[in-house]
Amino acid sequence: MVSAGLPGDPALVLVAHGTRSARGVEMIAALADAVGVELGVPVSSSPNALLRTAFVDVLGPSPSEVLRDLDGPAVVVPAFLASGYHVYQDVPREIAESGHGAVAVTPAMGPDPALARIMAVRLRSAGWQPGDSVVFAAAGSSDSRARQDVRRAAGMLAEQIGAPVRIAYVATGAPRVPEVVASLRESGSERVFIASYLLAHGLFHQRLHDAGADGVAEPIGVHPAVVRLIADRYRTAARALADVRVR
């Protein structure tokens, strides 16, 4: 098993979307710190640091800036819940622009059963009970592969809670969350809850509180299972990267 913190291990570059929400920024920082603890390395901006964060929008530094700053090989972990434009376009472009010659990219965080289990816990904490309707709220994407990921993630949550869920989108795509909440009310649902398929607090999550539901689950956020998921993504890619370098 690859364990970060040893000489020769690749750096981990955790790539997130970026947000203007202070709570969202704090959450990404806390997540990076927790992953650092799991892997036994500190989070730092030093060129020799083994764990760095980068953002594809809103905030900096960008992945290309971070990669240009690194002295050795790197594993890029996209902290996205579905593989849309940012994963398929932005991340590869940033890597190419960096000119870094030894980079491995892991799959996006989601969909994954671990995330579904966290969502189920968050949903119950928001007051959901068996018999209540559930809206699975995702940010949305124009990329069909991302929408397929959302459908898979929604199916995982439905399996976790033993109840059907209705998919809705916050920003891109249809139907939108308020529409689905209203539709469930019209069809006779007495209580409607929103399961947030979002990583952190921000504008998108705030919109969920204005959608007319009886309760809104917290974002997935920093959870031990998320930390383990990112660490496992890193270890798998680091092993593969080491194999390529040895040959």
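Colleague: What volume does the largest pocket have?
Modeller: In this predicted model, the largest pocket has a volume of about 960 Å³, the space filled by probe spheres on grid points joined across faces, edges and corners. Local features need pLDDT of at least 70 and side-chain atom pairs 80 or more, whereas totals for chains, interfaces and linings use all residues. Residues are numbered from 1 along each chain as its sequence is written, and side-chain values use heavy atoms, without hydrogens or water.

Colleague: What makes it a pocket, and which residues are closest to its centre?
Modeller: On a 1 Å grid over the protein atoms alone, a pocket is an open set of points with protein on both sides within 12 Å along at least five of seven lines, while a cavity is a set where a 1.4 Å probe fits but cannot get out. Of 42 lining residues (an atom within 4 Å of a point), His17, Phe80, Ala139, Leu198 and Phe204 are closest to the centre.

Colleague: Why are the buried residues of helix α6 said to be on the same side?
Modeller: Val177, Val180, Val181 and Leu184 are buried (under 20% relative accessible area, 1.4 Å probe, protein chains only) in α6. They cover an arc of only 100° around the axis, and therefore lie on the same side of α6; the arc is taken from the directions from the helix axis to the C-beta atoms.

Colleague: How do you know that strands β1 and β2 pair?
Modeller: Pairing requires at least two DSSP bridges; 5 join β1 (residues 11-16) to β2, and the strands run parallel. Val13 stands opposite Arg52 in β2.

Technical notes. Helix = DSSP H or I, 4+ residues; strand = E, 2+ residues; numbered from the N terminus. Buried < 20%, exposed > 50% of the residue type's maximum accessible area, 1.4 Å probe, protein only.
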